[in-house]
Amino acid sequence: MRHAPRIRRGRPGDGAAAFAVFHQAVHVGAASFYSEEERDAWAPRDDMPHGWEDMLLSGTCLVAEDGRGRITGFMTLADDGHLDLAYVLPEVMGKGVANALYAGLERRARQAGLVILTTGASHLARRFLTGRGWRVIARQSVIRNGVALTNFRMEKALK
């Protein structure tokens, strides 16, 4: 990557751009792991649903921006240590964006005194998180819009 991403706190007005990242990450980035039916159930629309931005900003939200100020990824962490959303644009996968976002969230979690982080990780996120010390607790199915999706309950102890 030519330029390291700029990481900042999410703020009002980021919702639409973050939703576009989410939609692209699911429909393009996760295409080799999930069927079209599964991806359509996971992200069924390409316009931002009501309440998306409020949900995005409800805990700690970090966004990554490229040199032009375009949001290229985001991650959210609830106050209880649950990593809820973690998405980057397909064209920046493997270029340090997810690493930078994750490092920022874990640093904030440690500063807040959290002792464990949890998540329900997709196939793609499982690979990423395993490389950062997370462990799989269980493989599970979650229902999204009537379709079962496989994900992985994971955790990481912060010591």
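## A walk from E65 to the largest pocket

Start by selecting E65 and R8: the two side chains make a polar contact at 2.9 Å. Keep in mind as you click around that this is a predicted model.

**Stop 1: around E65**

Stay on E65 for a moment. This residue belongs to strand 2, which covers residues 60-65. Is E65 buried or exposed? It counts as buried, because its relative accessible area is 7% and the cut-off for buried is under 20%. To see what surrounds E65, show P5, R6, R8, R11, R70, I71 and T72, which E65 touches once residues up to four places away in sequence are set aside.

**Stop 2: strand 2 into strand 3**

Now colour strand 2 and strand 3 together. The two pair in the antiparallel sense, over 6 bridges. For a landmark, pick T60 and look across to L77 in strand 3, which stands opposite. Then follow the chain through the hairpin that links these strands: there are 5 residues between them, and G69 has a positive phi near 85°.

Strand 3 itself runs over residues 71-77. How many of its residues are buried? The count is 7 of 7, so strand 3 is mostly covered. Select T76 as an example from strand 3. With a relative accessible area of 6%, T76 is buried. Bring up its contacts, leaving out neighbours within four places in sequence, and you get L56, T60, C61, H82, L83, D84, L85 and L105.

**Stop 3: on to strands 4 and 5**

Among the contacts of T76 you have just seen L83, and L83 is a good handle for moving on. Select L77 with L83: they stand opposite each other, with L83 in strand 4. Strand 3 and strand 4 run antiparallel and are joined by 4 bridges. Their hairpin has 4 residues between the strands, and here G81 is the one to click, with a positive phi near 90°.

Keep L83 selected and add T119 in strand 5, which stands opposite L83. How do strand 4 and strand 5 run? They are parallel, with 2 bridges joining them.

Strand 5 takes in residues 116-121, so colour its two faces separately. L117, T119 and A121 make up the covered face, while I116, T118 and G120 make up the uncovered one. Side chains in a regular strand alternate between the two faces of the sheet.

**Stop 4: helix 5**

A little further along the chain, select residues 123-130, which form helix 5. Which residues of helix 5 are buried? They are H123, A125, F128 and L129. Now show what these buried residues pack against: strand 3, strand 4, helix 4 (97-111), strand 5, strand 6 (135-144) and strand 7 (147-157).

**Stop 5: strand 6, strand 7 and the loop**

Go to V136, whose place is in strand 6. V136 counts as partly exposed, at 38% relative accessibility. Beyond its neighbours within four places in sequence, V136 is in contact with R126, F152, R153 and M154. If you draw a C-alpha to C-alpha distance from V136 to E155, you will get 6.8 Å for a pair that is 19 residues apart in sequence.

Then slide along to N145, in the loop between strand 6 and strand 7. N145 is exposed, because its relative accessible area is 60% and exposed means over 50%. Check its backbone too: phi is near 50°, a positive value in a residue other than glycine.

**Stop 6: a detour to helix 2**

Select E36, in helix 2 (residues 36-42). Is E36 buried or exposed? E36 is exposed, with a relative accessible area of 55%. Draw a C-alpha to C-alpha line from E36 to P49: the two are 13 residues apart in sequence and 20 Å apart in space.

**Last stop: the largest pocket**

To finish, select W42, A86, Y87, S122 and A125, the residues that lie nearest the centre of the largest pocket. Its volume is about 910 Å³, and its lining holds 44 residues. Which element gives the largest share of that lining? Strand 4 (residues 82-88) does, with 7 residues. Colour the lining by residue type and you will find 29 nonpolar, 11 polar and 4 charged residues. One of the residues nearest the centre, A125, is also one you met among the buried residues of helix 5.

Key. Residues are numbered from 1 along each chain as its sequence is written. This is a predicted model: local features need pLDDT of at least 70, side-chain atom pairs count only at pLDDT 80 or more; totals for chains, interfaces and linings use all residues. Side-chain values use heavy atoms; hydrogens and water are left out. On a 1 Å grid over the protein atoms alone, a cavity is a set of points where a 1.4 Å probe fits but cannot get out, and a pocket is an open set with protein on both sides within 12 Å along at least five of seven lines; lining residues have an atom within 4 Å of a point. Grid points are joined across faces, edges and corners, and a volume is the space filled by probe spheres set on the points. Ala, Val, Leu, Ile, Met, Phe, Trp, Tyr, Cys and Pro count as nonpolar, Asp, Glu, Lys and Arg as charged, and the others, Gly among them, as polar. Buried means under 20% relative accessible area, exposed over 50%, partly exposed in between (1.4 Å probe, protein chains only). A polar contact is a pair of N or O atoms within 3.5 Å; within protein, one must be able to donate a hydrogen and the other to accept it, and residues adjacent in sequence count only if both atoms are side-chain atoms. Contact means heavy atoms within 4.5 Å. Two strands pair if DSSP finds at least two bridges between them.
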